[in-house]
Amino acid sequence: MATLEIKDLHVAVDTEDGQKPILRGVDLAVRAGETHAIMGPNGSGKSTLAYSIAGHPKYTIISGTVTLNGVDVLTMSVDERARAGLFLAMQYPVEVPGVSVSNFLRTAKTALDGEAPKLRTWVKDVNDAMDKVSMDREFAQRNVNEGFSGGEKKRHEIMQLELLNPKFAILDETDSGLDIDALKVVAEGVNRFRGQGDRGVLLITHYTRILRYIQPDYVHVFVNGRIAEQGGPELAEQLEAEGYDKYQRISA
Amino acid sequence: MSTNLQDAVESSVASHLHPVPSYDLADHPLPTGREEVWRFTPLKRLRGLLDGDASDGHLKWDARIPEGVTISEISTAEAAALGETLPADRPSALAVANGAGAVLVDVPAETELGEPLVVRLSGASPDEVVWGHIVVRLGLHAKATVVFEHSGSARYSVSTSVLVGASAQLDLVSLQLWDDDAVHLGQVGVRIGRDAHVRTFQATLGGDLVRVIENFAYDGPGGELEAFGLYFADAGQHIEHRLFIDHNAPHTKSNAVYKGGLQGEGAHSVWVGDVLIRKAAEGIETFETNRNLVLTDGCRADSVPNLEIETGEIKGAGHASATGRFDDEQLFYIQSRGVTEDEARRLVVHGFFADIIKKIKVPEVEERLLVAVEAELARHVATPTSVRGA
Ligand SMILES: Nc1ncnc2c1ncn2[C@@H]1O[C@H](COP(=O)(O)OP(=O)(O)OP(=O)(O)O)[C@@H](O)[C@H]1O
Ligand SMILES: [Mg+2]
């Protein structure tokens, strides 16, 4: 069974005053077909975990491993990781001036498949993907994320998830800043992706709201650079009621 | 970096920049290199263009002339009588003095050109000095797109005067696609009529040394200017763009956006953007932007925006200048979708320039420039690893 496995991961972020340790021993295994939710207070290191898995150059791995089906991910370049089947929907998607969504998607698809998509089916696929997340088709001609509203950027990320169809998806606060309709649209997209059966999802979120639409198999509480507690969906409800207070006191 | 009005007011300096325009060579002494307007330019490489060697060399003109426009030769005196803009530096004064007349591109009042006037100018040899003198005139309510495209090689100094009548609309594009050994000194003086709308686009890719000076002023209130530019300096190339926007009339607007790329040892670009807001220029709006993308080590990009403000009664004024390497976040985002680093870089640079190229709005010119930029990139930024679809 395909697995994304993180073992005793220690990561520091490069700052102007040198490296600052953020992750302090993360252990987590996401098997194909599973959805894991990660919840935790601001600054606890959730995005750091997501970026580290994706290979952002700002982060330095101090120790630990990340493997995909047993293969070391940490030695791969960012694009190799994507081609190996990883996808990161970013908390703050980046604007790329002058590069149209259409060109961007086609370039990505070509890189992932090793050949250019067939023009006719491709245009239809892109249109379908945009329709599914209620993105106006005119977005295809706009520059990547430039001038997109917060919610439009998130829908654009989910549109890419469906179009590029990776093996494992890390969704970093894709639900933040969405109105209720957009939240449903995003949740439906993630559920279609999950519905394929053999896909893994790591869902980083602050709100149990989205977990009503995307039922997680596991919930992890992330505090101070590590997982402080894990459980089933009921843990999310408990967090909503009680907050992170008790975990923060323990880890301090 | 961005400067809002407040900072701009504080940082304003006395106007020291603009020599008094004049035909008289005595008003334009031989520069030493210490003058503000010459401090970036490698004078040695101007090869004769400061001395004023007499020459009757010409660039070859190959023009596609749409109905409604006339092109004729006029005398220097006739050019002056048209009220052309005066030379503001020595090479342009020499160009007028030695040019033995000017070429007049005339679009009469109320005339709207159905298609762009495209003039291809080509030089045969880097050893030939060519003095050029051009006047472009648009009458009241006229509407035209004029494209000058330079190629081949020459040592060329040209004074171009652009007189835009009231309520006229002009799109002026100048492409410097010279061979590697050409030298081009160009001064473009533009007068923007009342309520006229002028869009200019300077693209400089080729040449050993290219220095283009654009001076804009208004002939009445309500005039609007959009000045765009793109340049790409390769190893050893000196590319200099200076603009001076003189907001001398109320309720006028200007927006300048110049983007540059640099690659290779000794590539040097200079962008100087001076905006003067005179006392009379109430209710004006101006913004200027210069961005430079440094692709390799060993390049130098000078970027000097400057605002001088003599009245506080304006709508807005500001400038932004940034010079840097690739944006890591952009590269990461693209790579995280499976695209290799080289291909991601190519995409980012392509986007950087495509964004400004689409301002030209003359499809054939846009295409030509995109191809030219791709060719520049192919020299250093690696070629795509994957085949892109149509
Ligand atoms: N360049 C930096 N310099 C200093 N600290 C940094 C830098 N980058 C990240 N950090 C710190 O790393 C910590 C973890 O940040 P991270 O973005 O991973 O948190 P998060 O759990 O995703 O928070 P949020 O819920 O707000 O998104 C934060 O305390 C943050 O301030
Ligand atoms: Mg975060």
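Here's a walk through this structure, from the overall build of chain B down to a magnesium site in chain A. Keep in mind that you're looking at a predicted model.

Let's start with chain B as a whole. Chain B has six helices and 17 strands. Its C-alpha atoms fill a box of roughly 65 × 50 × 45 Å along the principal axes. How does that fit with a compact globule? For 390 residues, a compact globule would have a radius of gyration near 21 Å, and chain B comes in at 20 Å, so the two agree. Of those 390 residues, 60% count as buried. On the outside, chain B exposes about 14900 Å², with carbon and sulfur atoms supplying 50% of that.

Now think about how the chain meets itself. Take the contacts in chain B between residues at least 6 apart in sequence: 88% of these join residues at least 24 apart.

Next, pick out helix 5 of chain B, residues 341-357. At 1.5 Å a residue, its 17 residues should span 24 Å, and the C-alpha atoms at its ends are indeed 24 Å apart, so the expectation holds. Is this helix enclosed or out in the open? Since 14 of its 17 residues are buried, helix 5 of chain B is largely enclosed by the rest of the structure.

For a single residue to look at, try N292(B), which sits in strand 15 (residues 285-294) of chain B. N292(B) counts as buried because its relative accessibility is 3%, and the cut-off for buried is under 20%. Leaving aside neighbours within four places in sequence, the residues in contact with N292(B) include Y231(B), G260(B), L262(B), A322(B) and F352(B). T340(B) is another matter: 48 residues from N292(B) in sequence, it lies 23 Å away in space, C-alpha to C-alpha.

So where do the two chains come together? Here, 25 residues of chain B are in contact with 38 residues of chain A. The area buried between them is about 2500 Å², and carbon and sulfur atoms give 63% of it. Three residues stand out: F332(B), Y333(B) and R337(B) supply 33% of the area that chain B buries against chain A, more than any other three residues.

Finally, hop over to chain A and find the magnesium ion (ligand 2). Its protein donors are S47(A), through OG, and Q91(A), through OE1, at 2.0 to 2.2 Å from the ion. S47(A) belongs to helix 1 and Q91(A) to the loop between strand 6 and strand 7 of chain A, so the pair ties together parts 44 residues apart in sequence. Both S47(A) and Q91(A) are buried.

Terms used: Residues numbered from 1 in each chain as written. Chains lettered and ligands numbered in written order. Predicted model: local features only at pLDDT ≥ 70, side-chain atom pairs only at ≥ 80, totals over all residues. Heavy atoms only, no water. Donors = N, O, S within 2.8 Å, 3.2 Å for Na, K, Ca; no water. Helix = DSSP H or I, 4+ residues; strand = E, 2+ residues; numbered from the N terminus. Buried < 20%, exposed > 50% of the residue type's maximum accessible area, 1.4 Å probe, protein only. Expected span 1.5 Å × (residues − 1). Rg over C-alpha atoms; globule rule 2.2 N^0.38 Å. Contact = heavy atoms within 4.5 Å. Areas by Shrake-Rupley, 256 points an atom, 1.4 Å probe, with all protein chains shown as cover. Buried area = accessible area lost by both parts, 1.4 Å probe.
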